[in-house]
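Visitor: Hello! I would like a close look at a single part of this model, taken slowly and with the numbers left in.

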Amino acid sequence: MITIKIGGSVVDDLHQSVISDIKKVSESEGVVVVHGGGKEVTRVCGQLGKEPRFVTSPSGIKSRYTDLETAEIFTMVMSGRINKAIVLMLQQHGINAVGISGVDARTIQADRKKKLIIINEKGRKQAIDGGYTGKITGINSAFLQSLLGQGYVPVIAPIAISEESEFLNVDGDRAAAYVAAGIKSNKVLFVTDVDGFLKDGKLVPKMTLAEAREERPRTGPGMEKKILASIEALEMGISEALIANGQRENPISSAISHENCTVISNE
């Protein structure tokens, strides 16, 4: 079983072999796809005249601040345009994909963050209203297993549902880690636009969990979320997290074979 996270914007840039590669892998093991789409959300926010706002946590993690209007746009773009474009692409290649969001069947449950501690423009810590951002608390693994058992490939938009049944924005990489743990995947693969974790411009082919924890604060924002999600996945019992380049040929099967990627494991 493998959980694959693809970025919403990476879909346009994926190597033409990726979908047939997913098909090949899905024929031998269960596949779940989780997608992102932050850049598209930002673009649509601009079209609708909604200025996106980003905040930085004390540990240096940059994220989108989600007020109610942004949560509605996020839901529209993620579970609408992006999710269905990915499902359509998979269906065109004979993969029986079904597109859902974390709201459907309460697939991704989260607690709404009441307060966020951020670093303000003056470099000081400040508490602000949490908006519609969630901290994942649970996955409806029985529902996902039932889809997999019927031969479907679930494609999940990272919109969670709160206890009060509100839409919540959750990070796609971290959603993939929780989904992988929930369905007991043995691998989680983060498909991105670089070959993996790069140090001094060179690919790091293997890292232990301890090394990943050590390197995380020194990585750039995009890769940092993937390292964080990899750490969380391993802590929740996944045997390995893989980071690979979706612009290379057959990146899924190559990563499973530990070629042209970064492998993070407990060993």
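Visitor: How many bridges join β1 to strand β2, and do they run parallel or antiparallel? Please start there and walk me through the surrounding sheet.

Guide: Happy to. Please keep in mind that this is a predicted model. Strand β1 is joined to strand β2, residues 31-35, by 5 bridges, and the two run parallel. For a residue to click on, try isoleucine 2, which stands opposite valine 31 in β2.

Now turn to the other partner of β1. Strand β1 covers residues 2-6, and 5 bridges join it to β13, again in the parallel sense. Here isoleucine 6 has valine 191 of β13 as its bridge partner. From β13 we can step on to β17, since these two pair in parallel over 6 bridges. Lysine 187 is matched with glutamate 240 in β17. In general, strands of a sheet pair through backbone hydrogen bonds, either parallel or antiparallel.

With those pairings in hand, the whole sheet can be read off. It is an open sheet of 8 strands in the order β5-β10-β2-β1-β13-β17-β18-β16, with mixed pairing. The edges are β5 (97-101) and β16 (206-208), each of which pairs on one side only. On average, neighbouring strands of this sheet are turned by 20° against each other, direction ignored.

Let us pause at β13, residues 187-192, where 6 of the 6 residues are buried. Both of its faces are covered: Lys187, Leu189 and Val191 are buried on one side, and Val188, Phe190 and Thr192 are buried on the other. Helix α8, residues 221-235, lies across β13, β16, β17 and β18 (261-265), and runs at about 155° to β17. Elsewhere on the sheet, helix α5, residues 141-149, lies across β2, β5 and β10 (153-157), at about 140° to β10.

Next, follow β17 to asparagine 245, which belongs to this strand of residues 240-245. Its relative accessible area is 9%, so asparagine 245 counts as buried, the cut-off being under 20%. The side chain of asparagine 245 makes a polar contact of 3.0 Å with the side chain of aspartate 195. Setting aside residues up to four places away in sequence, asparagine 245 touches Thr192, Asp193, Val194, Asp195 and Pro251. Thr192 is one of the buried residues of β13 that we met above.

Glutamate 240, the bridge partner of lysine 187, leads us to another polar side chain. Histidine 258 sits in the loop between α9 (251-256) and β18, and its side chain joins that of glutamate 240 in a polar contact of 2.9 Å. With a relative accessible area of 34%, histidine 258 is partly exposed, whereas asparagine 245 is buried. Leaving aside neighbours within four places in sequence, histidine 258 is in contact with Lys206, Glu240, Leu242 and Val263. Lys206 lies in the edge strand β16, and Val263 lies in β18. For a sense of scale, the C-alpha atoms of histidine 258 and isoleucine 183 are separated by 22 Å, with their positions 75 residues apart along the chain.

Finally, a brief look at the rings. Arginine 53 lies over the face of tyrosine 65, 4.8 Å from the ring centre. Arginine 112 likewise lies over the face of tyrosine 132, at 4.0 Å from the ring centre.

Conventions
Residues numbered from 1 in each chain as written. Predicted model: local features only at pLDDT ≥ 70, side-chain atom pairs only at ≥ 80, totals over all residues. Heavy atoms only, no water. Helix = DSSP H or I, 4+ residues; strand = E, 2+ residues; numbered from the N terminus. Buried < 20%, exposed > 50% of the residue type's maximum accessible area, 1.4 Å probe, protein only. Polar contact = N/O pair within 3.5 Å; in protein donor to acceptor, adjacent residues only side chain to side chain. Contact = heavy atoms within 4.5 Å. Pairing = 2+ DSSP bridges. Axes fitted to C-alpha atoms, helices over the stretch in contact; angles between N-to-C directions. Lys NZ or Arg CZ within 6 Å of the ring centre and 35° of its normal.
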